[in-house]
Amino acid sequence: MAESTPNTPTIDCNLLVAKALARAGVTHMFGVVGIPVTSLATRAVTLGIRFIAFHNEQSAGYAASAYGYLTGRPGVLLTVSGPGCVHGLAGLSNAAVNCWPTVMISGSCDQNDVGKGDFQELDQIAAVKPFVKFSVKAKDINEIPNCVFSVLDHAGSGRPGGCYLDIPSDVLHQTLTELEANKLLDDAEKNRYIEPVKSVSNDDIAKVILAIRKAERPLIVFGKGAAIARAENEIKDLVEKTGIPFLPTPMGKGLLPDTHELAATAARSLAIGKCDVAIVVGARLNWLLHFGEPPKWSKDVKFILIDVDEGEIELRKPYLGLVGDAKKVLKVLNKEIKDDPFCLGRTHLWIEAITNKVKENVSRMEGQLAKEVVPFNFLTPMRIIRDAIIGLGSPAPILVSEGANTMDVGRSVLVQTEPRTRLDAGTWGTMGVGLGYCIAAAVASPDRLVVAVEGDSGFGFSAMEVETLVRYQLPVVVIVFNNGGVYGGDRRNPEDITGPYKDDPAPTSFVPGAAYHLLIEAFGGKGYLVGTPDELKSALTESFSERKPAVINVTIDPYAGAESGRMQHKN
């Protein structure tokens, strides 16, 4: 810490942190201010960093994680000490599981008072340990630039994930001269850390091409790892050069349009059950892909995994594994294929089987969607929403979706045509992400409308953040499927309604007919209550056109849908 004369310009640690963030290219922060980080947020704003202030660190953390995914740059979450840090762990852990670059910065108690029961005292380094790639406590102001660059660099390199910076309150009050600060910043910038990523060998590429050529029923699977790698053009080249059908994971949707002639989403069971070689790009063989195991997959399928993390390939033990950035690996693979081309034709038996099954399933779904059911089931309003979104053209809105039935039905009905335009519960199946994701999407992609299609339970986790939408005048339309509770109100059998509290509402029930649309009106936004196709169409037309904060409260039959959505076997 500097000893300065009255004429020597000094800066405090709050400003130094803000300078380091700005120097590193950070343009947005999300969080909740309070002791001891309010000045840090204020100083960041003065340096051109936009601070989006939330009501709860949980939603702010979800926003930071989604921002990291959408932009490819670490999203930054700022929290107060103790309980603020604990609340922020929701977003940090979500980033860790989804592999999104995110940095949480928290104030902490004075170092001299640790162990005495200080205000909001917590060993925050220990608390974040299960959820981070890297964490560090800045014990002195001179460590700040290196610490800031380190957490940002670790978060964004290699397999992205969450990182944590702890700044004690006594450090935040330290000062040094501007000259010392600039030297520390310059030195730290010269020593930035980039996690090395392996380059694939020509031999490995040759083995992959040979396996694909020999395959009778190949399939390309890609996920949000390919999306964050910006590999959409390379995936398009691979699909169209080889004629191999493709299957995106839920958040891989849009890297190639759902309407592409080789899209196998509507024939998913056939595609994964019968393929003999699966090229998996930026997706993990976890529960979303049935672990790559029978009976969903053939016991004889050969997996070719392309992943930035060598550990993932070691875990899954595929037929072939290529470690590297998806975009770079596919670029090399495409070049080698171009030099010796091959392509499955439309009359290939495998392509015909996939195409025919897609047509059959789409026709069956469209038949169901064509029925106008009132009171609404899930399909009728979802079809109306789909058509309204398609009508907007390009740039396509970013769709945020959460809920059990709402998200499941939406995944089948709503169409993604552009990359990184779908955000949902993700790898962890996280509920409560909706409003945070909406805010991140609006900030990261200001040219796009954001449309959230939410179950009433999912919406309730973070509903207060509609005030944040209004405060920042973000172009977000939140559509709430209101069926009166988790899965749909009280579905108990008569024999289950017993005991001393039998007159209480069911554990799954909310207040019937809840006026969610009035919540946003309390803050100056626009609310709509709809229960018929014409009312919903009118609300969508008006809200999409105005591009201002709005909530559309859609009344759904409480007996539509199923308990636990498509996860009934888990409940």
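**View 1. The open sheet of five strands in this predicted model**. The strands are arranged in the order S10-S9-S11-S12-S13, and their pairing is parallel. Strand S10 (246-248) and S13 stand at the edges with a single partner strand each, so one side of each has no neighbour in the sheet. On average, and with direction ignored, neighbouring strands of this sheet are turned by 15° against each other.

**View 2. Strands S9 and S11, with a helix packed on the sheet**. Strand S9 (residues 218-222) runs parallel to S11, and five bridges join the two; within this pairing, Leu219 has Ala278 of S11 as its bridge partner. Helix H9 (residues 202-214) packs on the sheet, where it touches S11, S12 and S13, and the direction of H9 makes about 135° with that of S13.

**View 3. Strand S12 and its two pairings**. Strand S12 (residues 302-307) is mostly covered, as five of its six residues are buried. Strand S11 (residues 277-281) is joined to S12 by five bridges, and the two run parallel, with Val281 having Ile306 in S12 as its bridge partner. S12 is also joined to strand S13 (residues 320-323), again in parallel, by four bridges, and here Ile306 stands opposite Leu322 in S13.

**View 4. The right-handed β-α-β unit**. This unit is made by S12, helix H13 (residues 310-316) and S13. The two strands of the unit are themselves parallel and joined by four bridges, and S13 is one of the strands that stand at the edges of the sheet.

Methods. Residues numbered from 1 in each chain as written. Predicted model: local features only at pLDDT ≥ 70, side-chain atom pairs only at ≥ 80, totals over all residues. Heavy atoms only, no water. Buried < 20%, exposed > 50% of the residue type's maximum accessible area, 1.4 Å probe, protein only. Pairing = 2+ DSSP bridges. Right-handed = clockwise from strand over helix to strand, strands pointing away. Axes fitted to C-alpha atoms, helices over the stretch in contact; angles between N-to-C directions. Contact = heavy atoms within 4.5 Å.
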